[in-house]
Amino acid sequence: MKKYLLSILGATCIFTGSALDMVRLQGRVMSDGKPLAGVPVTDGTQVVVTDSKGRYKMNSASDVEFVYLTLPDGYEIPVADGVPVIYGRVTPDDKGNFRHDFELKRSERDMTKHVLFVMADPQVYFDPNMSEVEKAALEMKQSMTDDYKGLEAVGIVVGDIVGNIKEGEHFFPWMIREIAKCDFPYFYVCGNHDIEMSAPTNEQSRGSFHRYFGPTYYSFNRGKVHYIVLDDVYWMGRYYTGYLTQKQLDWLAQDLALVPEGSTVIVSMHIPCYSRGARHQQWGKEESNKVLGNRQALFRMLKPYRAHIMSGHEHYNENYILSDRLYEHCHAPLSTLFWCAPWAMDGTPGGYAVYEIDGDDIDWYYKSVGRDRNYQFEVYPRGRSREHPEAVVANIWNVDSSWKVEWLEDGVLRGNMTRYTGYDPNIWEDVSAHGKDYAFPYVGSDITEHMFYCVPDSETSVITVRATDHNGNVYTSSIDQSAVSNTK
């Protein structure tokens with residue numbers, strides 16, 4: 001009944017005022033000459049669904065920019081110039097009318113099983129950074145041939161496509177071109193580096209993004225998963241904060257009203273909802289430009305679903321199990337430490353996340369560019385850790401509280417490693433030795449909560465770290481203490 005009322009209300013929505021105060025949108029959604037009924041269409045404010053003849057109609061505000069649809073499962077993602085195009089740019093005639101028809105192509109693939117790639121903060125500042133983006137894209141393409149042949153794939157960049165928006169007109173097309181070399185569609189999230197900071201208001205700050213990528217919030221379906229992209233960077237003229245506008249929340253409520261309760265929903269945004277401070281209930285340590293200020297409103301809306309939130313922004317890797325039905329993945333950046341070192345501030349190598357989706361089941365791993373998928377952590381010998389120089393330590397960057405991290409000495413199981421908060425030795429030492437010569441010398445390493453240590457009985461034994469992840473995947477790495485120096 002809720003869905004029925006929504007479609008009726010949307011289809012009959014009427015704005016008061018003269019024709020000059022509104023734009024009348026209409027059109028059809030078709031595939032192979034046949035109408036598609038029940039497809040959601042939106043202007044970013046209201047959501048209507050197409051009738052039995054594939055028709056939609058709505059009256060919109062005079063400043064409407066886009067009309068776009070929620071792509072149904074089973075249809076190819078329309079792509080133009082390397083970017084998914086599920087929208088039309090509204091250019092009304094002098095009477096306030098605009099028509100846009102959507103033509104969808106039925107896919108030959110069953111999308112129930114598919115792959116999602118998530119790239120965070122590629123954030124290119126200089127031309128040489130482009131070759132690293134290309135390397136990641138070509139690696140993803142090869143992975144689809146070697147590991148996922150025959151499956152549907154989709155990618156999402158969770159914001160900060162470029163480093164300096166003043167170069168946006170130069171780098172946006174380059175980024176689209178390089179990422180498109182993966183040979184599957186990539187969607188884009190708007191990050192704080194992607195907005196025009198010379199704009200006086202939030203509404204005016206998305207000009208460049210709109211020109212290249214279209215609307216900043218929208219949805220689509222692949223298999224049994226409903227995907228939602230949100231825009232949670234709010235520009236206030238001098239600085240930004242993490243915030244979802246009421247307009248966007250109202251749109252989201254209508255979008256989710258068409259999704260059956262219990263469904264799997266993947267929400268992508270730039271600024272994370274949660275933080276390490278929140279994990280420890282240290283609310284005062286949360287900064288407004290680093291977390292979503294009105295996250296509870298989003299959490300309430302997602303409560304009926306099995307939801308995964310994909311975010312970036314923080315330039316470290318963190319996972320938050322917020323409930324048994326809500327999980328946030330804060331992704332490490334492809335750009336590492338602003339492209340100044342091989343690692344992000346927490347020691348995570350540059351890379352991206354891979355999500356293997358089969359119906360409602362999701363498995364995932366972090367893929368370091370240029371490394372095997374089984375490379376899930378780094379092990380350091382005694383003497384490398386600032387906090388525990390007496391110990392062998394491991395940085396397990398994609399860990400969450402469900403993982404089991406054990407250690408063996410000369411093949412004998414010794415128990416669980418102890419988790420601690422500290423600095424990753426690689427990035428700490430690199431910053432100490434070369435930080436003053438970085439392109440951005442003000443950036444540096446930071447503490448992370450995904451460090452583990454153990455104290456061996458012998459200084460010459462072989463130590464093996466064995467990590468079992470959320471889905472039972474086992475990763476191991478060994479270090480022969482007799483063959484390595486205890487200090488770098």
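Me: Which residues are linked in a network of salt bridges?

Reply: Side chains of opposite charge can pair when their charged atoms come close. The criterion for a salt bridge is a side-chain nitrogen of Lys or Arg within 4 Å of a carboxyl oxygen of Asp or Glu. In this structure, E134, R177, E178 and K181 are joined into one such network. The model is a predicted one, in which local features need pLDDT of at least 70 and side-chain atom pairs count only at pLDDT 80 or more, while totals for chains, interfaces and linings use all residues. Residues are numbered from 1 along each chain as its sequence is written, and side-chain values use heavy atoms, with hydrogens and water left out.

Me: What parts does the pair of K181 and E134 tie together?

Reply: Such parts are named by secondary structure: helices (H or I, at least four residues) and strands (E, at least two) are DSSP runs, numbered from the N terminus. The side chains of K181 and E134 form a salt bridge at 2.7 Å, N to O. K181 belongs to the loop between α3 (168–179) and β14 (186–188), and E134 to helix α2 (residues 129–146), so the pair connects parts that are 47 residues apart in sequence. K181 also forms a salt bridge with E178, at 3.0 Å from N to O.

Me: Is E178 buried or exposed?

Reply: Relative accessible area decides this: buried means under 20%, exposed over 50%, and partly exposed in between (1.4 Å probe, protein chains only). E178 has 6% and is therefore buried. Its partner K181 is partly exposed at 27%, and E134 is partly exposed at 25%.

Me: How many salt bridges does the count come to?

Reply: The rule yields 24 salt bridges. One of them joins R373 to E356, with the closest N and O atoms 3.3 Å apart. R373 is in the loop between β24 (361–368) and β25 (378–380), whereas E356 is in strand β23 (residues 351–358), so this pair ties together parts 17 residues apart in sequence. R373 is partly exposed, at 28% relative accessible area, and E356 is partly exposed at 21%.

Me: How many aromatic pairs does a search of the whole structure find?

Reply: Rings of Phe, Tyr and Trp (its six-membered ring) pair if their centres lie within 6.5 Å; planes under 30 degrees apart count as stacked, over 60 as edge-to-face and the rest as tilted. The search finds 29 aromatic pairs. F126 and F440 are stacked, with 6.0 Å between centres and 20° between the planes. These two residues are 314 apart along the chain: F126 is in the loop between β12 (113–119) and α2, and F440 in the loop between α8 (425–434) and β30. F126 is partly exposed at 41%, while F440 is buried at 11%. Both residues also belong to a cluster in which ring pairs link Y125, F126, F338, F440 and Y442.

Me: Why is the pair of F171 and W174 edge-to-face?

Reply: The angle between the planes settles the class. The planes of F171 and W174 are at 70°, with ring centres 6.0 Å apart, so the pair is edge-to-face. The two residues are three places apart in helix α3, which separates them by about one helical turn. F171 is buried at 2% relative accessibility, whereas W174 is partly exposed at 26%.

Me: In what order do the four strands form an open sheet?

Reply: Two strands pair if DSSP finds at least two bridges between them. The order here is β28-β27-β31-β32, with antiparallel pairing. The edge strands, each paired on one side only, are β28 (412–416) and β32 (474–480). Strand β27 (residues 404–409) pairs with β28 over four bridges, and W407 has G415 in β28 as its bridge partner.

Me: Which residues does T448 touch, not counting residues up to four places away in sequence?

Reply: Contact means heavy atoms within 4.5 Å. On that basis T448 touches R276, D346, Y420, T421 and G422. T448 is found in strand β30 (residues 448–454) and is buried, at 1% relative accessibility.
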